[in-house]
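Student: I have a structure open and would like to learn how to read its features one at a time. Could you walk me through it?

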Amino acid sequence: MEAFFENYQGATYALLQRLHAIITSLPGVEGRLTYNTPFYYRNTWICYLAPAKDGSVELGFTRGSELSNELGLLDARGRKQVSGVVFRHVSEIPEETLLEVLQEALLVDELHSQNKKKKKN
């Protein structure tokens with residue numbers, strides 16, 4: 001993952017590093033490069049980081065449509081399943097709010113994992 005982050009500089013690099021640290025601080029969550037994109041898993045895909053050419057980074061949630069978005073952080077931008085939030089500077093990251101959204105995403109991940117196990121039985 002570090003080799004991927006080193007392709008970026010300045011604010012983008014700092015954003016990638018900080019978001020990675022927040023996400024991987026959650027129990028059982030690990031990051032892997034998939035399709036040359038940092039994806040984060042526990043049982044299934046939870047979220048990903050997508051750096052943009054303008055220096056911003058989107059934190060996308062693969063099951064964003066299943067999240068409540070009570071805190072209003074996420075934006076689907078016309079997508080049916082994925083929702084995310086775009087950051088331009090580390091100082092913009094609302095860490096407490098983001099951790100709440102990540103916790104909800106982990107609950108959704110757990111539910112999907114349990115449903116898969118039930119279908120196999």
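Tutor: Happily; we will go through confidence, the sheet, a hairpin and a few single residues. Keep in mind that this is a predicted model.

Student: Then confidence comes up at once. Which elements have the lowest and the highest mean pLDDT?

Tutor: Start with the chain as a whole: its pLDDT averages 93, and 94% of the residues score at least 70. Going by element, helix H3 (residues 95-120) has the lowest mean, 85, and E4 has the highest, 98.

Student: On to the sheet. In what order do the strands stand?

Tutor: The order is E1-E2-E3-E4-E5, in an open sheet of 5 strands with antiparallel pairing. E1 and E5 (83-87) each have a single partner strand, so these two are the edges and one side of each lacks a neighbour in the sheet. From one strand to the next, the twist averages 25°.

Student: What lies across this sheet?

Tutor: Helix H2 (residues 10-24) does, lying across E1, E2, E3 (45-51), E4 (57-61) and E5. Relative to E3, H2 runs at about 170°.

Student: How many bridges join E1 to E2?

Tutor: There are 5, linking residues 30-34 to residues 37-41 in antiparallel fashion. You can follow the register residue by residue: Gly31 is opposite Tyr40, and Arg32 has Phe39 as its bridge partner. As a general idea, side chains in a regular strand alternate between the two faces of the sheet.

Student: And the turn of that hairpin? What should I look for in the backbone there?

Tutor: Look at the sign of phi. Most residues other than glycine have a negative phi. Here the hairpin has 2 residues between its strands, and Tyr35 takes a positive phi near 55°. Asn36, in the loop between E1 and E2, also has a positive phi, near 55°.

Student: Is Asn36 buried or exposed?

Tutor: Asn36 has a relative accessible area of 56%, so it counts as exposed, the cut-off being over 50%. Another positive phi near 55° is found at Asn69, in the loop between E4 and E5. With a relative accessible area of 27%, Asn69 is partly exposed.

Student: Now a residue in a helix. Is Asp109 buried or exposed?

Tutor: Asp109, which lies in helix H3, is buried because its relative accessibility is 1%, and buried means under 20%. To see its surroundings, look past the neighbours within four places in sequence: Asp109 is in contact with Arg42, Asn43, Thr44 and Ile46.

Student: Which residue shares a side-chain polar contact with Asp109?

Tutor: Thr44 does; the two side chains are joined by a polar contact of 2.5 Å.

Methods
Residues numbered from 1 in each chain as written. Predicted model: local features only at pLDDT ≥ 70, side-chain atom pairs only at ≥ 80, totals over all residues. Heavy atoms only, no water. Pairing = 2+ DSSP bridges. Helix = DSSP H or I, 4+ residues; strand = E, 2+ residues; numbered from the N terminus. Axes fitted to C-alpha atoms, helices over the stretch in contact; angles between N-to-C directions. Contact = heavy atoms within 4.5 Å. pLDDT = per-residue confidence, 0-100. Buried < 20%, exposed > 50% of the residue type's maximum accessible area, 1.4 Å probe, protein only. Polar contact = N/O pair within 3.5 Å; in protein donor to acceptor, adjacent residues only side chain to side chain.
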